[in-house]
Amino acid sequence: MKMAQLTPAGTIHPFPRSGLQVFVESQSGQRVLRCYQCGKCTAGCPSAYAMDLGPRRVMRAIQLGLKDEVLASSTIWLCLQCQTCSARCPAEIGIAEVMESLRLLAAAERSRPAERDVALFHRLFRDLIRRWGRIYELGLGALYNLRGRHPFANLGLLPHLLSRGKLPLLPQRTKGASQVRAIFARVRAAEREAPPPEAKEGTDASRQ
Ligand code: SF4
Ligand code: SF4
């Protein structure tokens with residue numbers, strides 16, 4: 001049985017921190033252990049109705065180190081980053097940042113996303129920003145349709161958008177594109193310094 005730990009700073013932790021929790025806290029800058037399960041995040045989340053685990057349950061699962069359950073959940077992909085949960089949290093936890101760190105972990109681990117199209121869109125959006133320093137909407141739409149294997153989705157909107165000049169035909173690189181690439185390179189280096197948790201950890205307690 002795991003015993004309570006007294007840290008050098010004098011804070012008592014009921015259990016040693018899981019590898020998952022250490023990773024999330026280092027990537028997001030948030031203290032996951034401060035969550036005391038009040039549920040205000042889930043109550044205010046506009047996407048909670050579609051999530052398999054609400055934000056509160058995700059926070060608990062991280063505390064318990066349930067990496068596989070967290071990475072397999074739809075929640076991390078359905079989070080809109082609207083920050084409503086973060087604004088409502090009485091423990092002042094940036095839950096949206098926690099969700100983003102879980103997406104990073106899912107990408108690093110190449111885990112099978114519960115919301116395949118959302119994960120694909122997320123990856124393509126990020127890659128285009130890295131390349132051009134800004135989004136290239138026409139390229140994003142084309143790649144999303146082709147790689148998502150729904151080549152004709154929303155195609156009827158294209159003539160309308162083109163005729164109104166809403167979609168540039170060619171990508172436009174921003175002046176700061178090289179700085180954007182440098183930011184991505186720094187993030188890559190930071191990720192290498194904080195590798196994802198290795199161990200398969202935890203119990204089934206978060207499903208209660
Ligand atoms: S940031 Fe994500 S988890 Fe938080 S309320 Fe918005 S959609 Fe829900
Ligand atoms: S609002 Fe904050 S303290 Fe309450 S359950 Fe959500 S993350 Fe935990």
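The following numbered points comment on a predicted model of a protein chain with its ligands.

1. Overall make-up. The secondary structure of the protein chain amounts to eleven helices and two strands. Along the sequence the order is β-β-α-α-α-α-α-α-α-α-α-α-α, so a student tracing the chain from its start meets the strands before the helices. The chain has 208 residues, of which 27% count as buried. Among contacts with a sequence separation of 6 or more, 67% join residues that are 24 or more positions apart.

2. The surroundings of ligand 1. How many residues surround ligand 1? The shell consists of 15 residues, and the closest are C45, C79, C82, C85 and A96. Two helices, α6 (84–88) and α7 (95–109), each supply at least two residues of this shell. The largest share, three residues, comes from α7. By class, the shell around ligand 1 contains ten nonpolar residues, five polar residues and no charged ones.

3. A cysteine beside ligand 1. C79, one of the closest residues to ligand 1, is located in the loop between α5 (75–78) and α6. Is C79 buried or exposed? C79 is buried, because 23 other C-beta atoms lie within 10 Å and the threshold for a buried residue is 20 or more. Apart from its neighbours within four places in sequence, C79 is in contact with S47, A96 and M99. Of these partners, A96 is itself among the closest residues to ligand 1. C79 and I95 are separated by 16 residues in sequence, and their C-alpha atoms are 10.0 Å apart in space.

4. The surroundings of ligand 2. Ligand 2 is surrounded by 16 residues, the closest being C35, C38, K40, C41 and C89. The elements that contribute two or more residues to this shell are α2 (40–44) and α3 (55–63). Here the largest share, three residues, belongs to α3. The shell around ligand 2 comprises eleven nonpolar, two polar and three charged residues. Charged residues are thus present around ligand 2, whereas the shell of ligand 1 has none.

5. Helices α1 and α7. Helix α7, already met at ligand 1, also packs with helix α1 (residues 19–28), and the two axes come within 9 Å. Their crossing angle is roughly 115 degrees, and α1 and α7 are therefore roughly perpendicular to each other. The crossing is right-handed. On the α1 side the contact involves F23, V24, Q27 and S28, which meet E97, V98, E100, S101, L102, L104 and L105 of α7. The residues of this contact divide into six nonpolar, three polar and two charged.

6. Helices α8 and α9. The axes of helix α8 (residues 116–132) and helix α9 (residues 137–147) come within 10 Å and cross at roughly 145 degrees. The crossing of α8 and α9 is right-handed. From α8 the contact uses L120, F121, L124, F125 and L128, and from α9 it uses G139, L140, L143, Y144 and R147. Eight of the contact residues are nonpolar, one is polar and one is charged.

7. Helices α8 and α11. Helix α8 has a further partner in helix α11 (residues 177–193), where the axes come within 7 Å and cross at roughly 130 degrees. The two helices are therefore oblique to each other. I129, R130 and W132 of α8 meet A177, V180, R181 and F184 of α11. This contact has five nonpolar residues, two charged residues and no polar ones.

8. Two backbone angles to inspect. Which residues other than glycine have a positive phi? One is E92, with a phi of about 55 degrees, and it lies in the loop between α6 and α7. Another is R149, with a phi near 60 degrees, placed in the loop between α9 and α10 (158–163). Why does E92 count as exposed? E92 has 10 C-beta neighbours inside 10 Å, and a residue is exposed if the number is 12 or fewer. R149 likewise counts as exposed because 10 C-beta neighbours lie inside 10 Å.

Terms used
Residues numbered from 1 in each chain as written. Chains lettered and ligands numbered in written order. Predicted model: local features only at pLDDT ≥ 70, side-chain atom pairs only at ≥ 80, totals over all residues. Near = placed C-beta within 6 Å. Helix = DSSP H or I, 4+ residues; strand = E, 2+ residues; numbered from the N terminus. Nonpolar A, V, L, I, M, F, W, Y, C, P; charged D, E, K, R; others polar. Axes fitted to C-alpha atoms, helices over the stretch in contact; angles between N-to-C directions. Left-handed = near helix turned anticlockwise from the far one by under 90°. Contact = placed C-beta atoms within 7 Å. Parallel < 35°, antiparallel > 145°, perpendicular 65-115°, else oblique.
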